[in-house]
Every structure is written in C-alpha cells, then in structure tokens.
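Hello,

Here is the structure for you to look through. My notes on it follow below.

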Amino acid sequence: MSLLIKNIKELLQVRESDISVVKGKDMRVLPSINNAYLLIEHDTIVDYGSMDDIQNLEADKIIDASGKIVLPTWCDSHTHIVYAGNREQEFVDRINGLSYEDIANRGGGILNSAEKLQNTSEEDLYQQSAIRLKNVIKLGTGAIEIKSGYGLTIEAELKMLRVIKRLKKEFPVKVKATLLAAHAVPKAYKNNKTAFVDLVVNKMIPEVANEKLTNYIDVFCEKGYFDLEDTERILKTGREHGLIPKIHVNQFNAFGGVGMGVKYQALSVDHLEQMDLEDIEVLKNSDTMPVALPSCSYFLSIPYTPGRQLIDAGLPLALATDYNPGSTPSGNMNFVVSTACIKMKMTPEEAINAATINGAYAMGISNMYGSITKGKKANVIITKEIPSYAFMPYAFGENHIEQVIINGLIY
Ligand code: NIG
Ligand code: FE
C-alpha cells in the first residue's frame, strides 16, 4: 500500500538527516518545502521533495493537498489520559475561590480521582480512556506518553498500566507508559508518608518493572507531595530496575527537583512553572529535556513555564498537554501550540519544533517520530486550506486539521 500526497502548499519539519532534538537558536528554524510532495509506503515515509522534481511516482492512493499544509503529527510526551470520571465540581469550587491546594488538602484532587479509579472496572476504565485517545488522535496526536498515578495501590496501579498496554495494542499511535506510583500520599498513609515510599520502592517498582508494563518512572516532586529525599529514593530504585526518570517538578515550588532529575539522568523534567537560575544552569550540562505544559498553566491560572528564558539559554524545550482530570482536562496539542505562542512568547517555529521533534525526544522515540525524514513513521497532519502555518497558532481555538495519517493510513 502506497500513498502519495501531492501539491502540498508547504511541507513542514523536513529533516534530511535524522536529528533527535533541536535546541536554543536552532528552535527558530523550521525547515520546509513549498509546493511539495510526500510519498509513503506502508507505514513509512520513503520520499519527499518539490513538485518541480516529482518523477512519475506511482501510488495506490493519491491525496491532492493544494492549499494545505502537511506536518508531522504532534508528539504529546506528558499525559494522564487513563482516569475514571471527571472533576468538574472541583473546577466550580476553584471558580468560587478555593485553590488547587485547598482542594487537595480537603481530600479532593488526586485522591478524589484515585477513589474513582479504584472503584471502576478495568473494562470501563479502558472504554473511558479509549474515547479520549481517539479524540486526541483526531486532533493530530500521533505519539503519546501515558502515566499511571491514579491508582495509589499496587492493584489499581497495575490496572491502569494494563489499560495503557491495551491502548498500545488496540491503537495505531505510538504509546509509551510511565509508572507514576508516587503521585500523592494515599489517605491510609496520611501520617506515614515514609511507609508509602517504602511500598513504592520495595514493592510497586519491582513488581511493575518485572511485568514489563512501563518504560519510565515518574514522581510528583512537590511540597505536600514528595520531597527531594523521597524523589531520590524513587528515581534510584527505578533506575536499578531499568526505568528512566521523567518527572513532575517545579509546578508550584522550586527546591532542587530539576537537579535531582538531572542527577538520575532524567529523560525529561516537566512543568517548570517555577524556575530558579540554578535549575537552568543544571539543565545546561545535561541531556534532560525541559517540558512545558501551558494548558495546565491556563486552566489553573498559575505562571507559565519561562520558555523564552530556557530557549534563550540555549536549551531545548518540549511542549505537552498534561491531559488529566484535575489540572488540564484537555488533550488538544493545537491549543498547547497556540498558548505557547500567545502566552510564552514562543515563535510558531519554536512551538512546532517543541511539539514534534522535541516531544518525540522526551519520549525516547525521536529516531522514528517527530519529523519528515525518510525511514520515519508516516504520521502526518494535513491541514485544511490555510494561509500559512503561523495561522494555526494565530487563529486559536479553531480546528485547522482536515486529515490525520497514522502509519500511512487515514485515521
Ligand atoms: O501534572 N501535578 C501533578 N499531577 C497532575 C495533576 C493531577 C491531578 O490534579 O489530578 C499534573 O498537573
Ligand atoms: Fe502531569
């Protein structure tokens, strides 16, 4: 099966050599070809170029993309899409004056979602999550990381991870799983957090790693959740079991979580709404990807990650949704890209690099995803007829996507 997309107004993120990450000033560059074609065979990009140079290419199916832009699908490197039910009451409570912290302190928040999830069957949890995944694919996401973390018991965490495994099997998009065992201190351990961290390191991590249900280890390193010492124990144990850290840090407070991530060679450190100069320095000497989650900042009305400062310091930056029921009930990467431009002052080129190739890096898959490169997976977005790619973030809140191709097939 072959697919030829021709007369493409502009083909974006064309990388001849197989780059894996884009940093600093290079993020301002988004290589493209005007009036282009793209040839796909089975699930792989095999050729592309200018329509002026098109030979007599044959294909089983031809799409005419006149007036439309083609780009790699979004790589969403941070989500919690496996969850049960919703938390719209907490949303209303926040409108009426409570803070995210107030809600957590009275037993809501993550604990609320954990209770719902514990009382939901695996089948129901799968069905709820599959609807979300289907919707985000239609919004252009072609690779996604999904975290556990609403289980808070071994049984419920395993249930979440099995659901992620089933999504991986049933859907054509790339799915990466992360064990977020330490997301909040469960009610039963309220006065004995250390005992819960003991459970995480002595039982949860070994068992989950043994069942090969996860690629990464995560922890919510934050005041009122898990401190630096807990984080270190969890990352160290994760590493010993072959799990690479991808962690929640600096969402509300900066106290060295970034450095701890870097110490354990985290693939990414995510959130970063609160950053110290030290955090930026420590990232400079690392291969760790900083990840910003602007729709979380939008929804909670908290500061945006200082993306400008990070990029201007020569660092890379990835953008992800953080799709979850508490802080970001949205998995729309188009909104993320727009919000990064509007609120974080990233250029469209920087935002698209951050949401494609750098997102792929933050999932350890940039050798196969995140750019238009021969040999990479044929996951692309075909837009509607739009005047330019800057129009996508500019005309925010509107769906500019006409078709999504996953593994060479129209989704
Ligand atoms: O990334 N900050 C920690 N975890 C999620 C929110 C979890 C929730 O509120 O349910 C986040 O924002
Ligand atoms: Fe998160």
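A residue is near a molecule if one of its heavy atoms lies within 4 Å of it. By that rule 15 residues surround ligand 1, the closest being Tyr-100, Tyr-150, His-183, Gln-251 and Ser-327.

This is a predicted model, where local features need pLDDT of at least 70, side-chain atom pairs count only at pLDDT 80 or more, and totals for chains, interfaces and linings use all residues. Residues are numbered from 1 along each chain as its sequence is written, chains are lettered from A and ligands numbered from 1 in written order, and side-chain values use heavy atoms, without hydrogens and water.

Three side chains make polar contacts (pairs of N or O atoms within 3.5 Å) with an oxygen atom of ligand 1: Ser-327 at 2.6 Å, Arg-87 at 2.8 Å and His-248 at 2.9 Å. The protein covers 100% of the 320 Å² of accessible area (Shrake-Rupley method, 1.4 Å probe) that ligand 1 has on its own.

His-248 also serves the iron ion, ligand 2. The protein donors (N, O and S atoms within 2.8 Å of the metal, or 3.2 Å for Na, K and Ca) are His-78 (NE2), His-80 (NE2), His-248 (NE2) and Asp-322 (OD), lying 2.1 Å from the iron ion. Along the chain their spacing is H-x1-H-x167-H-x73-D.

Regards

Notes: A polar contact is a pair of N or O atoms within 3.5 Å; within protein, one must be able to donate a hydrogen and the other to accept it, and residues adjacent in sequence count only if both atoms are side-chain atoms.
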